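Trainee: Please take me through one pocket of this model in detail, with the criteria behind each term, and then add a helix contact to set beside it.

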Amino acid sequence: MNNELLEALNILEKEKDISKDTLLEAIEQSLIQACKNHFGKSDNIKVFIDPETCDFGVYAEKTVVEKVEDDVMEISLANAKLMNTKYEIGDIVNVEIKSKEFGRIATQNAKNVILQKIREEERKVLYKQYYEKEKDVVTGIVQRYVGKNVSINMGKVDAMLNENEQIKGEKFRPTERIKVYVLEVKDTPKGPKILVSRTHPELVKRLFESEVPEVIEGTVEIKSIAREAGSRTKIAVWSNNPDVDAVGACVGPNGSRVNAIVNELRGEKIDVINWSDNAAFLIENALSPAKVISVIAEVSDDGEKTAKVIVPDHQLSLAIGKEGQNARLAARLTGFKIDIKSETQARESGEFEHLDEEGYYEEEGLESEQQYGEQIEDFEDDSIIIEE
């Protein structure tokens, strides 16, 4: 038994996750290469390795001839009979080759073949490990700034957080631990190249999955996300169980769950709202924390989705948000192009009269959801105008 080789293969298999069979194949190829370098050819070389004991033998298949013209491929009848008296002209004889007889160059080349195979397999194993993490969130350690990009240590390899995937104004310190979303894992000759993001909306989704057991279990579904990284995110959730409050589950006791995500995102505001298959209700929820008087949601024949929203005069700026952010995120979340008007603007344009005639308008405003997703109040069906 070749104990030293067996132990070395077991260590490599354990530490680098490279199978013993692959390593044995590499050794076989290295011995064949060594023979080729030593003898000039290797067409007749056979290598036998016992995978259990790692004992190996190298043999040259030689044809028995009367007169030897190629000592690599042929053996004389006299020499063959010294090995076994039964050999005759034309027989094939397996002649053992002592690997210790290889020259220095042949040995070095054989070593290089093994090392190259180990590097290739190690690269494949690393690529497979990190490819499985693609489209997921991982924790990395900040290494250093490379220009305006950030190198993140992911364990066995480094990932790159490019400038356009960083949250504006966010700064990192070396050795700081951060969570990133794995955008893409590429296989390159130098190992896996990993691109990560701090701005992708899926980062928020994955963080909720890690913080909220109901989301992982499938009881609560995240239906839609709209995000402006570093500033605000709106997330619409739905519960498959009537006994489970989707918003409450995501917020957690005293806001503990959502606050953990807010802290990870360095104070980014998060609005958690209830999803509704009714477009008008969904739009009303999405405009939270602004109060809404009425919503008319329409889908044209060509598939264009538009919504007209009326809010109290004092709620107009809140509904639109700073630089239009609230309305913009609500539009992304719902997929509707939203036109918001104040009550005064609606009266001046005559829209209220039309609503009164059709009986769709009720003057009472609606209670709104609070930031971070406090439970929304129940509304009467006639509190919102719905037009499909």
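Mentor: What follows describes the pocket, its lining and then the helix contact.

The model is predicted, so to speak of local features requires pLDDT of at least 70 and side-chain atom pairs count only at pLDDT 80 or more, while totals for chains, interfaces and linings use all residues. Residues are numbered from 1 along each chain as its sequence is written, and side-chain values use heavy atoms, with hydrogens and water left out.

The second largest pocket (an open set of 1 Å grid points, over protein atoms alone, where a 1.4 Å probe fits, with protein on both sides within 12 Å along at least five of seven lines) holds about 230 Å³ of space, a volume filled by probe spheres set on the points. Its lining (residues with an atom within 4 Å of a point) consists of 13 residues, and R123, P189, K190, G191 and P192 are the closest to the pocket centre. Two elements, α4 (104–131) and β9 (191–197), each give two or more residues to this lining, and α4 provides the largest share, 6 residues; helices here are DSSP runs (H or I) of at least four residues and strands (E) of at least two. By class, the lining divides into 6 charged residues (Asp, Glu, Lys, Arg), 4 nonpolar (Ala, Val, Leu, Ile, Met, Phe, Trp, Tyr, Cys, Pro) and 3 polar (the others, Gly among them).

Turning to the helix contact (heavy atoms within 4.5 Å), L5, L6, L9, N10, L12 and E13 of α1 meet K20, L23, L24 and I27 of α2. The residues of this contact divide into 7 nonpolar, 1 polar and 2 charged.
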